[in-house]
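Dear colleague,

I am handing over the structure we spoke about, so that you can look through it alongside the notes in this email. Please open it first and keep it in view while you read.

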Amino acid sequence: MSMNITRRRLLGAAGAAAALAAAGRVLLPSAYADAPRHHLSATSRVIDIRGRAATVWGLRRPDGGNGLELMPGERFHLALHNRMDEPTIIHWHGLTPPPDQDGVTDTGYAGLIPPDGQAVYDFAARPGTHWMHSHAGLQEQLLLAAPLIVRSAADLAADRQEVVVMLHDFSFRTPDEILAGLTGMAAAGHGGMNHGTMAHGAMNHGTMGQAAAGPDLNDVDYDAFLAEDRTLDDPLVVRTERRGRVRLRVINAATATAFRLDLGGHPVRVAAVDGNEVPAQEVADVPLAQGQRVDLLVDMPAEGGVVPLLATREGDTIRTGILLATPGAAVARISDRAARPAAPVDATLDRILMHADAAVVRPARQVEMVLDGGMMPYRWTIDGRSWADRRPVQVRAGEVLAVTMVNRSAMAHPMHLHGHHFRVTAIDGRPVGGILRDTVQVVPGSAVTIAVTADNPGRWLFHCHSLYHMATGMMTELVYV
């Protein structure tokens with residue numbers, strides 16, 4: 001696209017770039033770049049947890065809204081302002097930017113954004129339901145996350161009401177306290193915040209054991225589980241049209257909790273996973289691991305209709321959710337306890353869903369990755385190594401690499417690859433439908449094979465999206481050679 005460059009504009013852009021550089025790390029594609037179209041601030045906010053105020057963090061627009069929505073064809077052109085009292089950096093989970101704009105520090109492309117600093121990003125956006133979250137220490141536990149929705153032309157043509165639902169696990173304890181309780185030792189410098197008064201929740205060690213004794217679930221107990229920052233004591237109620245069509249964009253932003261989703265007995269139809277469209281299919285319920293997203297299609301009843309979206313913690317009855325309600329419908333209170341515990345979150349969707357594109361993927365090379373670790377000591381590894389002594393997965397630009405992740409531990413691991421979406425091609429050696437994901441659940445005793453098309457050169461993090469598993473070692477990188 002042509003651009004009229006004047007001397008005043010050139011000097012203004014250069015001056016602005018110098019000012020930004022003085023304030024903090026800046027990712028600016030060009031001195032001639034237009035001013036960012038969008039702005040977000042990492043800042044503190046206060047939410048209500050059953051009548052008790054809690055100070056957390058968030059990613060806010062100038063209008064006070066949460067996160068970012070882009071229209072079809074719109075670039076991700078954003079200035080991120082750090083209004084917090086400690087450094088941060090934000091990862092754009094689900095987008096596939098150049099590596100220097102991925103929002104991480106570990107791969108060496110960028111540094112943390114200091115307090116009162118900012119960074120500018122500009123790259124092509126990938127349509128779908130995505131999200132953004134801190135990749136600095138344990139800040140994600142303090143709800144430093146937000147939706148990142150990129151609409152397609154088909155979304156607009158579908159004429160559906162869209163509702164975005166972000167799920168969180170919440171504790172009045174600091175992230176450092178949680179990690180210290182898990183590891184049994186002090187864990188300073190991991191992005192904690194002073195909440196003033198603290199409640200002391202307990203870790204769930206009741207199910208902890210060896211893999212042979214069955215899967216371990218929920219290594220952290222929380223004070224609350226949230227849907228759009230609210231519990232089922234006071235849920236969000238979204239009014240819809242009678243016989244209205246709704247697209248629910250659900251994001252599991254919890255740090256250590258996987259959920260089973262259901263619609264309270266209403267049909268559940270899946271339309272997309274991790275921002276990638278699939279042929280819509282009805283399922284009994286939806287397993288959703290940490291970092292994953294799912295789009296659900298809902299047809300509202302004609303009269304007096306209420307449809308709940310309920311998210312129940314795996315292996316437990318505790319749940320959260322929101323309510324969809326037609327005009328005039330009476331909204332009754334829904335218990336935050338399900339009738340029975342939710343089944344463990346597994347790779348059900350990956351087994352039954354088919355990718356809309358029937359293209360055959362034929363990997364040129366195969367590698368194996370072993371996931372292991374345990375509660376005592378609390379340490380999680382990839383190929384017996386932690387990040388400090390990692391052995392990167394190597395790939396050549398243009399090849400299709402098959403990575404088989406073998407889980408030898410007693411806990412599930414939602415494995416996330418930055419900068420790419422991959423096809424899930426096999427579970428325990430059996431071919432599956434090849435849906436595209438960026439985060440896949442690998443349950444204890446199983447092996448999941450993914451096919452990665454190497455089309456975004458650089459160094460990319462590859463890690464478990466259970467925050468405390470990653471913090472204690474379960475992270476490596478994909479490196480182009």
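What follows is a description of one sheet and of several salt bridges.

Please keep in mind throughout that this is a predicted model.

I begin with the sheet, which is open and consists of four strands in the order E2-E1-E4-E6, with mixed pairing. Its edges are formed by strand E2 (52–60) and strand E6 (118–123), each of which pairs on one side only, and from one strand to the next the twist averages 25°. Within this sheet, strand E1 (residues 38–49) and strand E4 (residues 76–82) run in the parallel sense and are paired over five bridges; if you wish to find this pairing on screen, Leu-40 stands opposite Leu-80 in E4.

I turn now to the charged side chains, where the structure holds 32 salt bridges, and I have picked out three pairs to describe in detail.

In one of them, the side chains of Asp-299 and Arg-269 meet at 3.0 Å, N to O, and the pair links distant parts of the chain, since Asp-299 belongs to strand E17 (residues 293–299) and Arg-269 to strand E14 (residues 268–273), 30 residues apart. Both partners are partly exposed, Asp-299 with a relative accessible area of 46% and Arg-269 with one of 24%.

Another salt bridge joins the side chains of Asp-428 and Arg-351 at 4.0 Å, N to O. Asp-428 lies in the loop between strand E25 (422–427) and strand E26 (430–431), whereas Arg-351 lies in helix H4 (residues 348–352), so this pair ties together parts that are 77 residues apart in sequence. Here, too, the partners are partly exposed, with a relative accessible area of 44% for Asp-428 and a relative accessibility of 45% for Arg-351.

The remaining pair that I chose is Arg-459 and Glu-477, whose side chains meet in a salt bridge at 2.9 Å, N to O; Arg-459 is in strand E30 (residues 459–464) and Glu-477 in strand E31 (residues 475–480), 18 residues apart, and the pair links distant parts of the chain. Arg-459 counts as partly exposed at 27% relative accessibility, whereas Glu-477, at 3%, counts as buried because that value is under 20%.

Finally, salt bridges that share partners join Glu-69, Arg-151, Asp-155, Glu-162, Arg-247, Arg-249, Glu-277 and Asp-295 into one network.

With kind regards

Conventions:
Residues are numbered from 1 along each chain as its sequence is written. This is a predicted model: local features need pLDDT of at least 70, side-chain atom pairs count only at pLDDT 80 or more; totals for chains, interfaces and linings use all residues. Side-chain values use heavy atoms; hydrogens and water are left out. Two strands pair if DSSP finds at least two bridges between them. Helices (H or I, at least four residues) and strands (E, at least two) are DSSP runs, numbered from the N terminus. Axes are lines fitted to C-alpha atoms, for helices over the stretch in contact, and angles run from 0 to 180 degrees between N-to-C directions. Buried means under 20% relative accessible area, exposed over 50%, partly exposed in between (1.4 Å probe, protein chains only).
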